[in-house]
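Hi everyone, thanks for making room for me today. I'd like to walk you through a structure that may be new to you, so have a look at it on the screen first.

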Amino acid sequence: MNANEFRRRGKEMVDYVADYLEGIEKCQVYPDVEPGYLRPLIPDTAPQEPETFEDIIRDVEKIIMPGVTHWHSPYFFAYFPTASSYPALLADMLCGAIGCIGFSWAASPACTELETVMMDWLGKMLELPGAFLAGSSGEGGGVIQGSASEATLVALLAARTKVTRRLQEAYPELTRAAIMEKLVAYSSDQAHSSVERAGLIGGVKIKALPSDGNFAMRASVLQEALEQDKAAGLIPFFVVATLGTTSCCSFDNLLEVGPICNKEDLWLHIDAAYAGSAFICPEFRPLLNGVEFADSFNFNPHKWLLVNFDCSAMWVKKRTDLIGAFKLDPVYLTHSHQDSGLITDYRHWQIPLGRRFRSLKMWFVFRMYGVKGLQAYIRKHVQLAHEFESLLLQDPRFELCADVTLGLVCFRLKGPNQLSITLLQKIGSAKKIHLVPCHLGRKFVLRFAVCSRVVESVHVRQAWAHIQELAGLVLSEAGSESPTKPQ
C-alpha cells in the first residue's frame, strides 16, 4: 500500500468507522457466537501472496463483527464505561503515524513533554494538591500507565523497594528475603481483584479488610489489623484505598484512613479507576477529600473521560520513589539531557520499556471538548443513573442494594438469590441489553452502569421496561406472582 492508496483507503476506513458508530444502536449488543467460532472461518496459515483491502473488509463484516460485543451501544450497561470519542480516535491515528517509542526524552521529546503537561492539566482539573504536579520544579508528577492494574502494581513495587531500603539502612544485617517474607499490604474486601494480583506478582501478603455497612474501609478496622500484624512480627507497608469500587461504587473513608497511613509511615495508594473522572465536577470533588494523605493516586480517563483505551492516569508526590525502584541505565538508553533536572524519562516510571504517544489523545479531547463539555458528559450519565434508580424504586418487586452516587445502580429482585440469577440469565439470553452481576455480602446483585457516549433517557427506559417484563416471567415461573408488571 503506497501513500495514494492509503489516502483512499483511509477515507474509506473513516467512513466505515463513522457508519459503525452511527448505526451501533441497531446492532445486537451481545453476539450470537460460541467459543471457538472464529478459527474455522480463517485459514490455518498466513497468505503467501498479498490480498486486497476489499477482501479484508469483507472478512471484517463476515468474521469479526458477528463476534463483537458492542461496548459503545446505548444498550451496553455492563462493567464500567470504556471511553470513545472522535477526537481521541483521530489522535490515535496520528499516534500510529508518528510511531515513536517514547521510553526517554531523547527518543521523542514531544512525547515526553506533552505527557508531563497533560498530566498537570488533568491534575488541575481534579484540583489535586500541588505536590502531585510536576510544574516546572515540583517533586511529584504524573504518568500515563496502561491500566489501573499496572498503576497499583507499580505503586506496590515502589513502596516495597522504599521500605526494604529503609530497613536495610537501619538494620544492615537484614536480607531482602527476610524483609520480603514479613511485608503485608491492605485493602478493603471491596477492592478490585487487581490489588490481590499485584500482591501475587510483588510477592507480598495482601489482607482484605472487612468493609462497613456502606462497603467502605474504615479506620478502626485498619488500625486493629496493623496492631495485630505488628505484634506478630509482620511489617505493614502499603494500603490501597478505593474510591468507586467495582461492585457498587462505594468509597473508602480517606479522611479516616489517610492520617493512619501517614502516622504509621505506610504508602497510601488511591485507586479511583472509574470514579476519578467525576472529580472534575465541583459537586463530586468532595469525594476526593483526603487525597492529600496519599503517596500515589490513579484513575482511568479511558473509562469515563472520552479518551480511548489505553490511558490510565497516575500521580505520585515524589517521583524519585518510582524512579528509585525501576531505574536502570544501560548505555544504549542514556542521553545527554537525562540528568539535567528539566525532563524525565518515563521508562523509569513503569514496567514496560516502550510506550506510545498516548498524551495526544488527552490533548485532542481536552481541547475539543473543554472542561465544561467533559463535566456536562459526566453529569448526564449521573442523571441517567438516577433516572433508572427512580424507576426501580417505583416497582416493589425490586430493591436497591447500594447508594447511587455516580453512574452505577445496584439492584436485585426481592427474595432468594436464585430469582435474580434467573433474571440475569434471561437478560443474557435475550441479548437486548448487557449487564453483569456482583455479590454484596450474601446477595446476588445486578449492576446497571451507564456506559455509552450516545445513551439517552429513552434507552434507559427501554432497558427498564425489558427488565420489568423479564422479572414478571421469572416470578411467574417461580410461582411468586403473575407475569404482569406493576402499573
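I'll start with the whole chain, then go to one helix pair, and then stop at a few single residues. Please keep in mind throughout that this is a predicted model.

Okay, the overall picture. The chain has 14 helices and eleven strands. If you lay the C-alpha trace along its principal axes, it spans about 75 × 65 × 45 Å. How does its radius of gyration fit with a compact globule? For 487 residues you'd look for a value near 23 Å, and the chain comes in at 25 Å, which agrees. Buried residues make up 51% of the chain. And here's a number on how the sequence folds back on itself: take the contacts between residues at least 6 apart in sequence, and 73% of them join residues at least 24 apart.

Now to the helix pair. In general, you describe two packed helices by the angle between their axes and the distance between those axes. Here, helix α5, residues 148–170, packs with helix α11, residues 319–326, at an angle of about 85 degrees, and the axes are 9 Å apart. That angle makes α5 roughly perpendicular to α11. So who's doing the touching? From α5, it's V154, L157, A158, T161, K162 and R165, and from α11 it's D321, L322, G324, A325 and F326. Sort those residues by type and you get six nonpolar, two polar and three charged.

Let's stay on α11 for a second. Which of its residues are buried? Those are D321, L322, I323 and F326. And α5 is one of the partners they pack against, along with two strands, β5 at 267–271 and β7 at 312–316.

Follow me to the stretch before β7, because there's some unusual backbone here. As background, most residues other than glycine have a negative phi, and most peptide bonds are trans. With that in mind, look at the bond from F309 to D310: that peptide bond is cis, with omega near 5 degrees. D310 sits in the loop between α10, residues 301–304, and β7. L306 has its place in the loop between α10 and β7 too, and its phi is near 65 degrees, a positive value in a residue other than glycine. Is L306 buried or exposed? It's buried, with a relative accessible area of 0%.

There's a positive phi at D265 as well, near 60 degrees, and again this is a residue other than glycine. D265 is in the loop between α9 and β5. Unlike a buried residue, which would be under 20%, D265 has a relative accessible area of 46%, so it counts as partly exposed.

While we're in that region, have a look at helix α9, residues 254–263, where you'll find N262. N262 is partly exposed too, at 41% relative accessible area. Its C-alpha is separated by 15 Å from that of S220, with the two positions 42 residues apart along the chain. C261, on the other hand, is buried, at 0%.

That brings me to cysteines. How many disulfides are there? The count is zero. Take C410: the nearest cysteine sulfur belongs to C438 and is 4.7 Å away, so with a cut-off of 2.5 Å, C410 is in no disulfide. C410 is also buried, with a relative accessible area of 1%.

Two last stops. S359 is in helix α12, which covers residues 359–393. At 0% relative accessibility, S359 counts as buried. Setting aside residues up to four places away in sequence, S359 touches C111, L114, E115, M118 and I144.

And then V68, in the loop between α2, at 53–64, and α3, at 86–98. V68 is partly exposed, with a relative accessible area of 21%. Leaving out neighbours within four places, its contacts are Y20, V29 and P31. V68 and C27 are 41 residues apart in sequence, and their C-alpha atoms are 9.8 Å apart in space.

That's my tour. If you take one thing to look at again, make it the loop between α10 and β7, which holds both D310 and L306. Happy to go back to any of these spots on the screen.

Note on methods:
Residues numbered from 1 in each chain as written. Predicted model: local features only at pLDDT ≥ 70, side-chain atom pairs only at ≥ 80, totals over all residues. Heavy atoms only, no water. Helix = DSSP H or I, 4+ residues; strand = E, 2+ residues; numbered from the N terminus. Buried < 20%, exposed > 50% of the residue type's maximum accessible area, 1.4 Å probe, protein only. Contact = heavy atoms within 4.5 Å. Axes fitted to C-alpha atoms, helices over the stretch in contact; angles between N-to-C directions. Parallel < 35°, antiparallel > 145°, perpendicular 65-115°, else oblique. Nonpolar A, V, L, I, M, F, W, Y, C, P; charged D, E, K, R; others polar. Rg over C-alpha atoms; globule rule 2.2 N^0.38 Å.
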